[in-house]
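Let's take a walk through this model, one region at a time. Keep the viewer open and follow along.

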Amino acid sequence: MRILKKILILIAVLILLAIIGGSVYYNSIKPTYSGNISVSGISNETSVYFDDYGVPHIYAENELDAVTVLGYVHAQDRLWQMELIRRIAPGRFSEIFGDIMVKSDQFFVSLGIEEASKKSIEKLDKNGEVYKLAVAYLNGVNQFIDNGPTPIEFTLIGIEKEHYQLNDIYNIMGYMSFSFAMAQKTDPLLSVLKEKLGDTYLKELGIDINPNTVLIKNANPAIESYSKMVSTLNDIMRNVPTPPFIGSNSWVVSPKKTTTGNVLFANDPHIEFSQPAVWYEAHISTPNYELYGYHLAGVPFPLLGHNRNYAYGLTMFENDDIDFYKEENHPTDKNKYKTPNGYEDYKTVNKTIKVKDAKDVILTIRSSRHGPIMNDVIDAISQTNPIAMSWVFTQFESDMLDALYTISRATEMNDVKKGASMINAPGLNIMYGDAKGNVAWWAAGKLYKHKPHVNTKFILDGASGEDDPVEYLDFDQNPMAENPSWNYVYSANNQPDTIANILYPGYYLPEDRAKRITQLLEPKNNWNKETMSEMITDVTSAVSPNVIKEFVSNIDFNSFNKNEQRAIDILQLWDGSNTVEAVAPTIYNKLVYVYLKNTFEDELGEELFKQFLNTHLSKRVIANQIKKDTSIWWDNATTLDKIETKKNILSKSLVETVTSLEKQLGKDINSWHWGKVHTLEHQHPLGAIAALKEYFNVGPFPINGASEVINNRGYEYNKPGLYEVNAGPSTRRIIDFSDVENSISILPTGQSGNPFSKHYKDQAEMYNKGEFRKMKINKEEILRVSTKLTIQPKNE
């Protein structure tokens, strides 16, 4: 009995020690939001007040001290996120995740981002403020790496912390630039469709084919290779454990359209969801500078920001800044390729990709005058003629860091315009409003022209030089609007008006969001913060009801059974609103998928159809195709004994939609709520492990919104009819220049990327409900709700 008692006591002691040890560890790796610490590289005591949502408000005597401290607090909340995003461009995921990421690493290391970063750093003025502040930020990050606790992700995966370098900042911006692009998903696909189906089918998709265009002829093996190229690139981007940018909304309303006589500014960049969320908020205040900004992991200057004088934000321009060229090898020397001036040698560079628990992968990357040869890094096209990728970002020296510095330190509207003019890639719409009543937007990006015969949505001829750009436009030819007579500016990734006598080519999204934005803004002249907050969370489609109207007018109501007729009734009565309790969105989204499938898959085939659904083109087609009474696409190419009509395809689609939903959700159509099939889960890379999912992921939640409404949600149309939201508003910001101190915002989950922080997911429910919190800049208010971390200069 005594032995048993001693054993029980021992077990109890061990459990107690384990609990104590776990508690000590838990508390040791949480972010430090109060107390005193010392940091080298600052000259004066600096105070950081963490408000009730964990946003740091940094009060410093000078900018160098402030940015050093920013680096430190940014790292303590987001070091894991910073670690992931800096590994993309140099191809270093395989080091920590193993051979599953080799294809991704091969692709990104080939893009030339590292080389572009090196050139940018070489030309950076080492005595200038941009360099000094960037180094100060890195100093803060690295001091946390040296002295702060190790994030749990590093421990679980077993990787060592490494100091941040200047090239990491530039590499991150390079990845951001590439993530904006759509050409890699679209151009090879359209080249396949052109060769497989011909001009007529493409014209029906709204792709203009110039009759003078001499398109490259491909053999069938090449067509298959290009299709696999698209598939491979989609897989690479899908598997990168950091979120790419996908779109955005923004509008800025002039004083003539507000109740207060002051500018109202709204912006919600659309980015793939992840955990932690993309943006890190920070408020810096010094005697000579103040800004409330939104930072990417590892970048010292905010991409979004405001103060009492002005506000700026961004959306994706969606311009075409990537072209693919088919090169022609020398007939006997594979190291040479044809140019307009004869044969030249490929430039080559060797790269080593380190792989966890496996041998290093040695990669030789060739580059032509257009750019890297994709065949060397994408297995699917290794046997075709060389395909080079020409990307504006690597063709020109990057001034992105200087641009962000210029915009975030602006004192007048022209400073922001100047910063916008410094951006070559990615294509951005820089949105602006200020306390003086100015509103503006500028399309940033290096735009260029080709000869009239060139269609850049196809793989081009690289050998002759005839398909090369013939002119790069000056910034003053870019789309822009400053204080327009209609008293507002907006962007929703839609096609801009004519510039330089052309409609600039790009991968623009359909008019849905733009139409709804103008529909709401145009007639109203009494906007305020409250009505604008309703607008930015609007879930009503201006286009879907018109699609339904066209749909219903082409089918015979009496030919359907009762549940099918009930579905038609629900759709006809629908106002286009996508709330979690609504039934119509469930029917509509399934119907859209089935209608697209029945219209296009017979010609495209299963794999190309999936790739088609991953392009912006498929979104544009939804409303455009259904308006066409006659179209080559309506006929089912697999039924040789008859020719299907629009009515046949739409009727078939409705029957299949209702049948599928009955199997999925039951016969009771009233129970087909949108929230049952439309959900959001913020996924952490470690959440892919079942045992860790509940600790790292946030959600899932039923969620309002839908594809291409203002409260935009990204998801795939699919056969199962489950719409797992993977993208949407990465923040919602409204700045009211009549009351700047009460401007509002929200993040999708929380400010911290540390799962042990109370700010890891404290905004998730508010975000889902369309609620907001203040972006505080009033010091008295900040002090009332904050904890204080005092940072002293370290004696060395």
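Start with a pair of helices: the axes of H2 (residues 63-86) and H6 (residues 129-147) come within 7 Å and cross at roughly 50 degrees. Angles from 35 to 65 degrees fall outside the parallel and perpendicular classes, so H2 and H6 count as oblique to each other. The crossing of H2 over H6 is right-handed. On the H2 side, the residues making the contact include Leu64, Val67, Leu70, Gly71, Ala75, Leu79 and Met82, and H6 answers with residues including Leu133, Ala136, Tyr137, Gly140, Val141, Phe144 and Ile145. Sort the whole contact of H2 with H6 by class and you get 13 nonpolar, seven polar and two charged residues. Bear in mind as you look that this is a predicted model.

Stay on H6 for a moment and find alanine 134, which lies in that helix. Is alanine 134 buried or exposed? Its relative accessible area is 0%, and anything under 20% counts as buried, so alanine 134 is buried. Setting aside neighbours within four places in sequence, alanine 134 is in contact with Leu166, Ile169, Pro300 and Leu401. Leucine 401 is 267 residues away from alanine 134 along the chain, yet their C-alpha atoms are separated by 8.9 Å.

One of those partners, isoleucine 169, is a good next stop. Isoleucine 169 sits in helix H8 (residues 166-179), and it is buried too, with a relative accessible area of 0%. Apart from neighbours within four places in sequence, isoleucine 169 touches Ala134, Tyr137, Leu138, Gly298, Pro300 and Leu401. So which partners turn up for both alanine 134 and isoleucine 169? Pro300 and Leu401 are in contact with each of them. Isoleucine 169 also has arginine 86 at 7.6 Å, C-alpha to C-alpha, with the two positions 83 residues apart in sequence.

Serine 120 gives another view of a buried position. You'll find serine 120 in helix H5 (residues 113-123), where it is buried with a relative accessible area of 3%. Beyond its neighbours within four places in sequence, serine 120 is in contact with Tyr170 and Ser398.

Now jump along the chain to another helix pair. Two packed helices are described by the angle between their axes and the distance between the axes. For H19 and H20 (residues 606-613), the axes come within 8 Å and cross at roughly 130 degrees. H19 and H20 are therefore oblique to each other, and their crossing is right-handed. In H19, Tyr593, Leu596, Lys597, Phe600, Glu601 and Leu604 meet Glu606, Leu608, Phe609, Phe612 and Leu613 of H20. That contact divides into eight nonpolar, no polar and three charged residues.

H19 shows up again when you look at helix H22 (residues 646-665). H22 has 20 residues and reaches 28 Å from its first C-alpha to its last, close to the 28 Å expected at 1.5 Å a residue. Its buried residues are Lys646, Ile649, Leu650, Ser651, Ser653, Leu654, Thr657, Val658, Leu661, Glu662 and Leu665. An α-helix has 3.6 residues a turn, so residues three or four places apart point the same way. What do the buried residues of H22 pack against? They pack against helices H17 (544-552), H18 (562-572), H19 (584-604), H21 (616-626) and H23 (674-677). Right after H22 comes glycine 666, whose phi is positive, near 100 degrees.

Finish with some backbone details. A cis peptide bond joins glutamine 275 and proline 276, with omega about 5 degrees, and proline 276 lies in the loop between strands S5 (264-272) and S6 (280-286). Another cis bond runs from glycine 699 to proline 700, with omega near 10 degrees; here the proline is in strand S24 (residues 698-702).

Two residues have positive phi without being glycine. Aspartate 357 has a phi of about 60 degrees and is found in the loop between strands S13 (347-353) and S14 (361-367). Glutamate 708 has a phi of about 65 degrees and sits in the loop between S24 and strand S25 (723-725). Which is buried and which is exposed? Aspartate 357 is exposed, with a relative accessible area of 76%, whereas glutamate 708 is buried, at 3%.

Definitions and conventions
Residues numbered from 1 in each chain as written. Predicted model: local features only at pLDDT ≥ 70, side-chain atom pairs only at ≥ 80, totals over all residues. Heavy atoms only, no water. Axes fitted to C-alpha atoms, helices over the stretch in contact; angles between N-to-C directions. Helix = DSSP H or I, 4+ residues; strand = E, 2+ residues; numbered from the N terminus. Parallel < 35°, antiparallel > 145°, perpendicular 65-115°, else oblique. Left-handed = near helix turned anticlockwise from the far one by under 90°. Contact = heavy atoms within 4.5 Å. Nonpolar A, V, L, I, M, F, W, Y, C, P; charged D, E, K, R; others polar. Expected span 1.5 Å × (residues − 1). Buried < 20%, exposed > 50% of the residue type's maximum accessible area, 1.4 Å probe, protein only.
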